[in-house]
Amino acid sequence: MTDTDQTGSTSPLAGLGRMIAVSSGKGGVGKSTLTANLALALAGQGLRVGVVDADLYGPSIPGMLGIPGDQPPAMSPAKKVIPAQAHGVKVISMAMLSGDDKPAILRGPMVTKYLQMFITQVDWGTLDVLLLDLPPGTGDIQLTLAQAFPLSGALVVSTPQDVSLKIVRRGLRMLEQVNVPILGVVENMSGFTCPSCGEVTHIFHQGGGQKIADSLNVPFLGSIPLDPAVVDGGDAGRPLILDAPDSPAAQAYRAVAAAIGGKEQDGPGLAVPFDWQVAQGSGQPAGAAAIEGGDPERPVALEYDTSGLHIRWQDGGEQVIDPRDLRLACQCAACRDEMSGQRLLDPASVALDIQPTRIWSVGNYAIGVAFSDGHSSGIYTFPALRAMKQVEAEDV
Ligand code: ADP
């Protein structure tokens, strides 16, 4: 068995960084255009960026990034698909596999299979961010996709019309059902940029995206004006952000990237990414010191000993979590019903002496944990960990 097999079999997702879905309730709102521009804006921050064009029915990312659609991708010696590269970003798309513009008519299970392949059978190398351009809608397919991967978060794109905003509400509910953190709402085509004077005129109601974000208690990440140059850039395979970096639309794309970018975190934290084989010793991920007034949901150090998983938080809080409690708290699809939230895992089936064998970072939001019972699909977000009961003093 090769090293790649060894690490790959426990977590094929290690090294892919934060996985962020870009979703929309309906088509044509500019979701793919946002994904393409956002990818370049994130790459411009120095991040290593990959894009999965998961819009299997209308793959448009290769066209928008100027990748020829008719070239089948090369295979690596390890029999992985080598992603296309454009403007410093790695890309995989259904269009590259089917080799034509026909929408792929796939049933649900096939969609999951393809998407899993895009993530696990593609030679991504190490990434900081992997963007997933989801197909439009809030139905089963989107739900399946959102469940299939440990998403660090999702963006929802809308246009300012009321009908579109109502659909956003539905999209946000769907993501909440499957416990995907919502990074925020982006409003697109929210005003017209005059091609000659650059002035922005609001054609539709203003502020709808902000209002809906406020009412649902999620961040509003900004408005991207309607700009004919956005269409020209997409058609030419050169996203607007490359050729008109100072335009209001390019600035808005960069603002969204800044809001979700992985490098801007306040204060000290764990050095990510890390992939810690617990048997190799306690406290492998490099830790930092707590600070006065720090973030209560940002860990600065992780350690493991027989009393449990010790987490030190940026605000100085310390917590010891029992390994069995951690296993029982798993929120993955096999352990918990996404719809009802009911636990599917039978506590009687979990050994009393269960131990974590490997702990790795999932973006800046969560850790993944593999256990001695072989289970490794659970992702534990920092807020969920902080909310967990800690081992009582007398148990320690
Ligand atoms: P979706 O992925 O939501 O179906 P696309 O990204 O394919 O939408 O965009 C649909 C059309 O709208 C494309 O022709 C695109 O160039 C255009 N478009 C997207 N955003 C803007 C914008 N801010 N200004 C002008 N046209 C835009």
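Two strands count as paired when DSSP finds at least two bridges between them. With that in hand, let's walk through this structure, which is a predicted model. Strand S14 (residues 356–362) and strand S15 (residues 366–371) meet that description, pairing in the antiparallel sense over six bridges. To find one of these pairings on your screen, look for proline 356, whose bridge partner in S15 is phenylalanine 371.

Now widen the view to the sheet that holds this pair. Four strands make up an open sheet, and reading across gives the order S10-S14-S15-S16, with antiparallel pairing. Strand S10 (275–277) and strand S16 (378–381) sit at the edges with a single partner strand each, so one side of each has no neighbour in the sheet. On average, and ignoring direction, neighbouring strands in this sheet are turned by 20 degrees against each other.

On the other side of the sheet order from S15, strand S14 also meets S10. S10 and S14 run antiparallel and are joined by three bridges. A handy landmark here is glutamine 277, which stands opposite arginine 358 in S14. What about the surroundings of S14: is this strand enclosed or open? Six of its seven residues are buried, so S14 is largely enclosed by the rest of the structure. The cut-off behind that word is a relative accessible area under 20%. As you look along the strands, it helps to remember that side chains in a regular strand alternate between the two faces of the sheet.

A second sheet is worth a visit. This open sheet has three strands in the order S11-S12-S13, and its pairing is antiparallel. Strand S11 (299–305) and strand S13 (318–321) are the edge strands, each pairing on one side only. Here, too, neighbouring strands are turned by 20 degrees against each other on average, with direction ignored. Strand S12 (residues 308–313) runs antiparallel to S13, and four bridges join the two. One of the matched positions is histidine 310, which has valine 320 as its bridge partner in S13.

Let's move to the ligand. Which residues come nearest to it? There are 16 residues around the ligand, and Gly28, Lys31, Ser32, Thr33 and Asp227 come nearest. By class, this shell has eight nonpolar, six polar and two charged residues. Several elements contribute: helix H2 (31–44), strand S7 (182–193), strand S9 (220–226) and helix H9 (228–236) each supply at least two residues of the shell.

The backbone takes part in several of the contacts. An oxygen atom of the ligand lies 3.0 Å from a backbone N or O atom of glycine 30. A polar backbone atom of lysine 31 is 2.9 Å from an oxygen atom of the ligand. At aspartate 227, a polar backbone atom is 2.9 Å from a nitrogen atom of the ligand. How much of the ligand does the protein cover? On its own the ligand has 560 Å² of accessible area, and the protein covers 81% of that.

Two residues show how parts of the chain that are separated in sequence relate in space. Valine 230 belongs to helix H9, and this residue is buried, with a relative accessible area of 14%. Its C-alpha atom is 9.7 Å from that of glycine 30, although the two residues are 200 apart along the chain. Methionine 64 has its place in helix H3 and, at 17% relative accessibility, also counts as buried. The C-alpha atoms of methionine 64 and threonine 33 are separated by 7.3 Å, with their positions 31 residues apart along the chain.

Finally, have a look at two backbone angles. Lysine 79 is not a glycine, yet it has a positive phi of about 65 degrees. This lysine is in the loop between helix H3 (61–64) and strand S3 (84–86), and lysine 79 is exposed, with a relative accessible area of 63%. Histidine 87, again not a glycine, has a positive phi of about 50 degrees. Histidine 87 is found in the loop between S3 and strand S4 (89–93), where it counts as partly exposed at 33% relative accessibility.

Definitions and conventions
Residues are numbered from 1 along each chain as its sequence is written. This is a predicted model: local features need pLDDT of at least 70, side-chain atom pairs count only at pLDDT 80 or more; totals for chains, interfaces and linings use all residues. Side-chain values use heavy atoms; hydrogens and water are left out. A residue is near a molecule or strand if one of its heavy atoms lies within 4 Å of it. A polar contact is a pair of N or O atoms within 3.5 Å; within protein, one must be able to donate a hydrogen and the other to accept it, and residues adjacent in sequence count only if both atoms are side-chain atoms. Accessible areas come from the Shrake-Rupley method with a 1.4 Å probe; for residues, only the protein chains shown count as cover. Ala, Val, Leu, Ile, Met, Phe, Trp, Tyr, Cys and Pro count as nonpolar, Asp, Glu, Lys and Arg as charged, and the others, Gly among them, as polar. Axes are lines fitted to C-alpha atoms, for helices over the stretch in contact, and angles run from 0 to 180 degrees between N-to-C directions. Buried means under 20% relative accessible area, exposed over 50%, partly exposed in between (1.4 Å probe, protein chains only).
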